[in-house]
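Subject: Structure handed over, with notes

Dear colleague,

I am passing on the structure below, and my notes on it follow. Please read them with the coordinates open beside you.

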Amino acid sequence: MKVKKNDTVLVITGKDAGKTAKVVAAMPKANKVIVDGVNIQKKHKKARSAQDVSSIQNQAGPIDASNVMVVCPTCNKATRVAYAIEGDKKARICKKCGAVLDASKEAKEVKKATKRKTKKETAEKPAEEK
């Protein structure tokens, strides 16, 4: 599936066509995605005890992944997704501008590496003071 969690997508068909929002969850086996603020459904919540209150809640329902297009963070246009192999990893590429759509993963990996380094440094400092 070409759409992943935390992608910004444009809804291209249905009652919410034209809306741009973030993907909350992706379900590749069912080929569906849940997009924030799209396909809003009512859920009736029954009170299970005397202290609870019954209510009707709004929640985003799943829509088919073919009804959305990924919005490129570089060119801010809805685009189809291409794939390219960079080194030993497969990356998603914007068909319009050629930018890597998975750049956020690389940034997360860098953050994790810096956190590990800072944790090691803080663990070593008290040992040196003793």
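Leu101 is a convenient place to begin: once its neighbours within four places in sequence are set aside, Leu101 is in contact with Val70, Cys72, Pro73, Val81, Arg92, Ile93 and Cys94. Please keep in mind throughout that this is a predicted model.

Leu101 also belongs to the largest nonpolar core, which has 17 residues, and it is listed there with Val3, Val9, Val33, Val35, Ile63 and Val68 as the residues that touch the most other members. The elements that contribute two or more residues to this core are strand 1, strand 2, strand 3 and strand 7. As general background, nonpolar side chains tend to be buried together in soluble globular proteins.

The sheet comes next. Six strands form an open sheet in the order 6-3-2-1-7-8, and their pairing is antiparallel. At the edges are strand 6 (62-64) and strand 8 (78-79), each of which pairs on one side only.

Within that order, strand 1 (residues 8-11) shows two faces, a covered one made of Val9 and Val11 and an uncovered one made of Thr8 and Leu10. On one hand, strand 1 pairs with strand 2 in the antiparallel sense over three bridges, and Leu10 has Thr20 of strand 2 as its bridge partner. On the other hand, strand 1 is joined by three bridges to strand 7 (residues 68-71), again running antiparallel, with Val9 standing opposite Val70 of strand 7. Val9 is thus a residue to follow in both parts of this message, as it lies on the covered face of strand 1 and is also listed among the core residues that touch the most other members.

Further along the sheet, strand 2 (residues 20-27) and strand 3 (residues 32-35) run antiparallel and are joined by four bridges; here Met27 stands opposite Lys32 of strand 3.

Finally, is Arg80 buried or exposed? Arg80 counts as exposed because its relative accessibility is 57%, where the cut-off for exposed is over 50%. Arg80 is found in the loop between strand 8 and strand 9 (81-86). Leaving aside neighbours within four places in sequence, Arg80 nevertheless has contacts, namely with Met69, Ile93, Cys94 and Lys95. As for Lys95, it lies 15 residues from Arg80 in sequence, while the C-alpha to C-alpha separation of the two is 5.8 Å.

With best regards

Notes: Residues are numbered from 1 along each chain as its sequence is written. This is a predicted model: local features need pLDDT of at least 70, side-chain atom pairs count only at pLDDT 80 or more; totals for chains, interfaces and linings use all residues. Side-chain values use heavy atoms; hydrogens and water are left out. Two strands pair if DSSP finds at least two bridges between them. Buried means under 20% relative accessible area, exposed over 50%, partly exposed in between (1.4 Å probe, protein chains only). A nonpolar core is a set of buried Ala, Val, Leu, Ile, Met, Phe, Trp, Tyr and Cys residues joined through side-chain atoms within 4.5 Å. Contact means heavy atoms within 4.5 Å.
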